[in-house]
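Student: Could you take me through one part of this model slowly, so that I can follow along in the structure as you go? I would like a close look at the partly exposed places and at the spaces that residues line.

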Amino acid sequence: MIWLGIETANAPLSVAIVQDNKVIAEVVQNIKLTHSVGAMPAIEEVINKAGITPVQIDAIAVSEGPGSYTGVRIGVTLAKTLAWSLQKPLVGVSSLKALAANARTANYAICSLIDARRQNVYAGIYKADTMEPIIEDHHDHIDGLLQKLQQLQQPIFFVGIDVDLYMGKIQQVLGDFAIRAPFTMDLPRASELIGLAQQMPLPTIEAVHAFVPQYRRIAEAEANWIKEQKKEQL
(Lines give C-alpha, C1' and ligand atoms only; values in the text may rest on other atoms or scores of the structure.)
Protein backbone atom coordinates (compact mmCIF):
# COMPACT_ATOMS: atom_id res chain seq x y z
CA MET A 1 0.00 0.00 0.00
CA ILE A 2 1.33 3.43 -0.94
CA TRP A 3 0.75 6.42 1.36
CA LEU A 4 1.35 10.13 0.78
CA GLY A 5 1.91 12.17 3.95
CA ILE A 6 1.60 15.97 4.12
CA GLU A 7 2.72 18.02 7.15
CA THR A 8 2.39 21.82 6.85
CA ALA A 9 0.71 22.70 10.16
CA ASN A 10 3.59 24.93 11.28
CA ALA A 11 6.80 26.49 9.95
CA PRO A 12 8.54 23.19 9.11
CA LEU A 13 7.43 21.30 6.02
CA SER A 14 7.51 17.55 5.53
CA VAL A 15 6.13 15.36 2.75
CA ALA A 16 6.71 11.61 2.40
CA ILE A 17 5.87 8.54 0.36
CA VAL A 18 5.69 5.28 2.33
CA GLN A 19 5.15 1.97 0.55
CA ASP A 20 4.48 -1.25 2.44
CA ASN A 21 5.89 0.24 5.67
CA LYS A 22 9.08 1.49 4.01
CA VAL A 23 9.96 5.15 3.60
CA ILE A 24 10.58 5.58 -0.13
CA ALA A 25 11.08 9.35 -0.26
CA GLU A 26 10.77 12.14 2.28
CA VAL A 27 11.32 15.89 2.40
CA VAL A 28 11.89 17.55 5.78
CA GLN A 29 12.81 21.22 5.82
CA ASN A 30 12.69 24.27 8.07
CA ILE A 31 13.44 27.19 5.80
CA LYS A 32 11.83 30.56 5.18
CA LEU A 33 9.58 29.44 2.34
CA THR A 34 5.83 29.74 2.66
CA HIS A 35 3.89 26.52 2.31
CA SER A 36 1.74 28.09 -0.39
CA VAL A 37 4.92 28.18 -2.49
CA GLY A 38 6.80 25.12 -1.24
CA ALA A 39 4.23 22.44 -0.42
CA MET A 40 3.07 21.40 -3.88
CA PRO A 41 6.60 21.25 -5.36
CA ALA A 42 7.62 19.08 -2.38
CA ILE A 43 4.71 16.73 -3.08
CA GLU A 44 5.72 16.50 -6.73
CA GLU A 45 9.33 15.91 -5.70
CA VAL A 46 8.65 12.91 -3.44
CA ILE A 47 6.26 11.37 -5.96
CA ASN A 48 8.89 11.67 -8.70
CA LYS A 49 11.67 10.36 -6.46
CA ALA A 50 9.51 7.41 -5.45
CA GLY A 51 9.08 6.57 -9.15
CA ILE A 52 5.29 6.47 -8.97
CA THR A 53 2.38 8.37 -10.46
CA PRO A 54 -0.29 10.07 -8.33
CA VAL A 55 -2.91 7.47 -9.29
CA GLN A 56 -0.80 4.79 -7.61
CA ILE A 57 -1.24 6.44 -4.21
CA ASP A 58 -3.64 4.38 -2.09
CA ALA A 59 -4.25 6.78 0.82
CA ILE A 60 -3.30 10.23 2.06
CA ALA A 61 -2.39 11.32 5.59
CA VAL A 62 -2.41 14.98 6.57
CA SER A 63 -1.57 16.94 9.68
CA GLU A 64 -4.94 18.31 10.81
CA GLY A 65 -3.60 20.78 13.40
CA PRO A 66 -3.28 22.45 15.77
CA GLY A 67 -0.79 25.02 14.57
CA SER A 68 -0.64 27.95 12.20
CA TYR A 69 -4.09 28.65 10.77
CA THR A 70 -2.60 29.30 7.34
CA GLY A 71 -0.29 26.30 7.46
CA VAL A 72 -3.05 23.94 8.55
CA ARG A 73 -5.42 25.23 5.87
CA ILE A 74 -2.83 24.85 3.11
CA GLY A 75 -2.05 21.25 4.02
CA VAL A 76 -5.68 20.26 4.48
CA THR A 77 -6.74 21.96 1.24
CA LEU A 78 -4.01 20.21 -0.74
CA ALA A 79 -4.79 16.85 0.87
CA LYS A 80 -8.55 17.16 0.31
CA THR A 81 -8.08 18.23 -3.31
CA LEU A 82 -5.74 15.32 -4.04
CA ALA A 83 -7.86 12.80 -2.13
CA TRP A 84 -11.05 13.75 -3.95
CA SER A 85 -9.50 14.05 -7.41
CA LEU A 86 -7.71 10.69 -7.01
CA GLN A 87 -10.67 9.14 -5.15
CA LYS A 88 -8.49 8.02 -2.25
CA PRO A 89 -9.22 7.98 1.52
CA LEU A 90 -7.93 10.86 3.65
CA VAL A 91 -6.78 10.39 7.26
CA GLY A 92 -6.16 13.32 9.60
CA VAL A 93 -3.55 13.09 12.35
CA SER A 94 -2.83 15.52 15.18
CA SER A 95 0.24 17.63 14.43
CA LEU A 96 1.20 17.36 18.11
CA LYS A 97 0.94 13.59 18.09
CA ALA A 98 2.98 13.35 14.90
CA LEU A 99 5.68 15.50 16.50
CA ALA A 100 5.62 13.43 19.69
CA ALA A 101 6.06 10.28 17.61
CA ASN A 102 9.64 11.37 16.89
CA ALA A 103 10.40 10.59 20.55
CA ARG A 104 8.38 7.39 20.87
CA THR A 105 11.48 5.53 22.11
CA ALA A 106 11.90 7.88 25.08
CA ASN A 107 11.54 6.50 28.59
CA TYR A 108 9.42 9.42 29.71
CA ALA A 109 6.10 11.08 29.04
CA ILE A 110 6.41 13.19 25.89
CA CYS A 111 5.24 16.79 25.66
CA SER A 112 5.11 18.09 22.09
CA LEU A 113 4.84 21.86 22.12
CA ILE A 114 4.06 24.49 19.47
CA ASP A 115 4.18 28.22 20.07
CA ALA A 116 0.81 29.98 19.79
CA ARG A 117 2.20 33.47 20.53
CA ARG A 118 1.70 35.81 23.49
CA GLN A 119 2.99 33.18 25.93
CA ASN A 120 0.38 30.70 24.72
CA VAL A 121 1.12 27.24 23.40
CA TYR A 122 -0.45 24.21 21.79
CA ALA A 123 0.56 21.11 23.68
CA GLY A 124 -0.18 17.43 24.00
CA ILE A 125 1.31 14.93 26.45
CA TYR A 126 1.67 11.30 25.37
CA LYS A 127 2.79 7.95 26.70
CA ALA A 128 5.97 7.07 24.85
CA ASP A 129 5.29 3.37 24.41
CA THR A 130 1.69 3.56 23.19
CA MET A 131 1.38 7.19 22.03
CA GLU A 132 -1.86 7.37 24.02
CA PRO A 133 -2.62 10.86 25.37
CA ILE A 134 -1.97 11.61 29.03
CA ILE A 135 -3.25 15.14 28.50
CA GLU A 136 -5.22 15.76 25.30
CA ASP A 137 -4.10 18.30 22.71
CA HIS A 138 -5.10 21.76 23.88
CA HIS A 139 -4.35 25.47 23.78
CA ASP A 140 -3.16 27.09 27.01
CA HIS A 141 -0.98 29.78 28.52
CA ILE A 142 2.48 28.39 29.23
CA ASP A 143 1.87 28.88 32.97
CA GLY A 144 -1.33 26.83 32.78
CA LEU A 145 0.44 24.05 30.91
CA LEU A 146 3.30 23.95 33.41
CA GLN A 147 0.83 23.75 36.27
CA LYS A 148 -0.74 20.67 34.67
CA LEU A 149 2.68 19.10 34.09
CA GLN A 150 3.79 19.84 37.63
CA GLN A 151 0.82 17.87 38.93
CA LEU A 152 1.95 14.78 36.99
CA GLN A 153 5.06 14.52 39.18
CA GLN A 154 7.08 12.64 36.59
CA PRO A 155 9.85 13.38 34.06
CA ILE A 156 8.61 15.08 30.89
CA PHE A 157 10.44 14.85 27.56
CA PHE A 158 9.92 18.10 25.60
CA VAL A 159 10.07 18.01 21.80
CA GLY A 160 9.59 20.69 19.13
CA ILE A 161 11.50 23.63 17.68
CA ASP A 162 9.44 26.05 19.80
CA VAL A 163 10.43 24.43 23.11
CA ASP A 164 13.52 26.64 23.30
CA LEU A 165 11.27 29.72 23.57
CA TYR A 166 10.02 28.46 26.92
CA MET A 167 12.77 26.14 28.19
CA GLY A 168 13.98 28.59 30.82
CA LYS A 169 10.55 28.83 32.41
CA ILE A 170 9.97 25.08 31.98
CA GLN A 171 13.16 24.26 33.90
CA GLN A 172 12.36 26.86 36.54
CA VAL A 173 8.99 25.23 37.28
CA LEU A 174 9.72 21.53 36.68
CA GLY A 175 13.38 21.36 37.65
CA ASP A 176 14.91 17.95 37.05
CA PHE A 177 11.58 16.66 35.70
CA ALA A 178 12.17 18.75 32.54
CA ILE A 179 14.15 16.88 29.86
CA ARG A 180 14.94 18.48 26.51
CA ALA A 181 14.79 16.24 23.45
CA PRO A 182 17.77 16.31 21.06
CA PHE A 183 17.39 18.83 18.24
CA THR A 184 17.23 15.95 15.75
CA MET A 185 13.73 15.15 17.03
CA ASP A 186 12.36 18.69 16.75
CA LEU A 187 11.10 18.69 13.16
CA PRO A 188 7.87 16.84 12.32
CA ARG A 189 8.20 14.01 9.82
CA ALA A 190 5.51 13.05 7.35
CA SER A 191 6.62 9.42 7.60
CA GLU A 192 5.70 9.43 11.32
CA LEU A 193 2.40 11.02 10.33
CA ILE A 194 1.76 8.11 7.99
CA GLY A 195 2.77 5.59 10.65
CA LEU A 196 0.11 6.99 12.98
CA ALA A 197 -2.47 7.17 10.18
CA GLN A 198 -1.96 3.48 9.42
CA GLN A 199 -3.16 2.65 12.93
CA MET A 200 -6.48 4.37 12.26
CA PRO A 201 -9.46 3.04 10.28
CA LEU A 202 -9.61 4.19 6.66
CA PRO A 203 -12.59 6.50 6.11
CA THR A 204 -14.79 6.37 3.05
CA ILE A 205 -14.06 8.50 -0.01
CA GLU A 206 -17.25 10.46 0.70
CA ALA A 207 -15.80 11.51 4.09
CA VAL A 208 -13.26 13.71 2.30
CA HIS A 209 -15.84 16.49 1.91
CA ALA A 210 -16.59 16.55 5.64
CA PHE A 211 -12.94 16.63 6.70
CA VAL A 212 -12.08 19.78 8.69
CA PRO A 213 -8.95 21.02 10.51
CA GLN A 214 -8.63 20.80 14.29
CA TYR A 215 -7.48 24.25 15.35
CA ARG A 216 -8.02 23.78 19.13
CA ARG A 217 -8.95 27.45 19.43
CA ILE A 218 -10.91 30.02 17.46
CA ALA A 219 -9.13 32.48 15.20
CA GLU A 220 -8.16 35.88 16.62
CA ALA A 221 -10.48 37.66 14.19
CA GLU A 222 -13.38 35.49 15.34
CA ALA A 223 -12.51 36.09 18.99
CA ASN A 224 -12.47 39.86 18.41
CA TRP A 225 -15.81 39.64 16.61
CA ILE A 226 -17.34 37.78 19.55
CA LYS A 227 -16.03 40.45 21.95
CA GLU A 228 -17.61 43.17 19.83
CA GLN A 229 -20.92 41.31 19.74
CA LYS A 230 -20.94 41.02 23.52
CA LYS A 231 -20.22 44.73 23.87
CA GLU A 232 -23.17 45.58 21.64
CA GLN A 233 -25.44 43.41 23.74
CA LEU A 234 -24.55 45.26 26.96
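Tutor: Let us start with Arg189, keeping in mind that this is a predicted model. Arg189 has a relative accessible area of 36%, and it is called partly exposed because that value falls between the 20% under which a residue is buried and the 50% over which a residue is exposed. In the chain, Arg189 sits in the loop that runs between strand S10 (178-180) and helix H6 (190-197). If you look from Arg189 to Ala210, you cover 21 residues in sequence, and the C-alpha atoms of the two are 25 Å apart in space.

Now turn to Val37, which belongs to helix H1, residues 35-50. The relative accessibility of Val37 is 48%, so this residue also counts as partly exposed, since exposed would require over 50%. Together with Ile31 and Leu33, Val37 makes up a nonpolar patch on the surface, and the accessible area of the three together is about 250 Å².

Two residues of that patch, Ile31 and Leu33, also appear in the lining of the largest cavity, where the other lining residues include Ala11, Pro12, Leu13, Gly38 and Ala39. The structure holds 1 cavity of 30 Å³ or more, and the volume of the largest cavity is about 40 Å³. Helix H1, in which Val37 lies, gives the most to this lining, with 3 residues. Sorted by class, the residues around the largest cavity are 6 nonpolar and 5 polar, with no charged ones.

From the cavity we can move on to the second largest pocket, whose volume is about 240 Å³. Its lining consists of 16 residues, and those that lie nearest the centre of the pocket are Ser94, Lys97, Tyr126, Met131 and Met200. At least two lining residues come from strand S5 (90-93), and at least two from strand S8 (133-141). Of these, S8 supplies the largest share of the lining, namely 3 residues. By class, the lining of the second largest pocket has 6 nonpolar, 4 polar and 6 charged residues, whereas the lining of the largest cavity has no charged residues.

Notes:
Residues numbered from 1 in each chain as written. Predicted model: local features only at pLDDT ≥ 70, side-chain atom pairs only at ≥ 80, totals over all residues. Heavy atoms only, no water. 1 Å grid on protein atoms, 1.4 Å probe; cavity = no way out; pocket = protein on both sides within 12 Å on 5 of 7 lines; lining within 4 Å. Points joined across faces, edges and corners; volume = space filled by probe spheres on them. Helix = DSSP H or I, 4+ residues; strand = E, 2+ residues; numbered from the N terminus. Nonpolar A, V, L, I, M, F, W, Y, C, P; charged D, E, K, R; others polar. Patch = residues over 30% accessible without salt bridge, like charges linked within 9 Å, V, L, I, M, F, W, Y side chains within 5 Å. Areas by Shrake-Rupley, 256 points an atom, 1.4 Å probe, with all protein chains shown as cover. Salt bridge = Lys/Arg side-chain N within 4 Å of Asp/Glu carboxyl O. Buried < 20%, exposed > 50% of the residue type's maximum accessible area, 1.4 Å probe, protein only.
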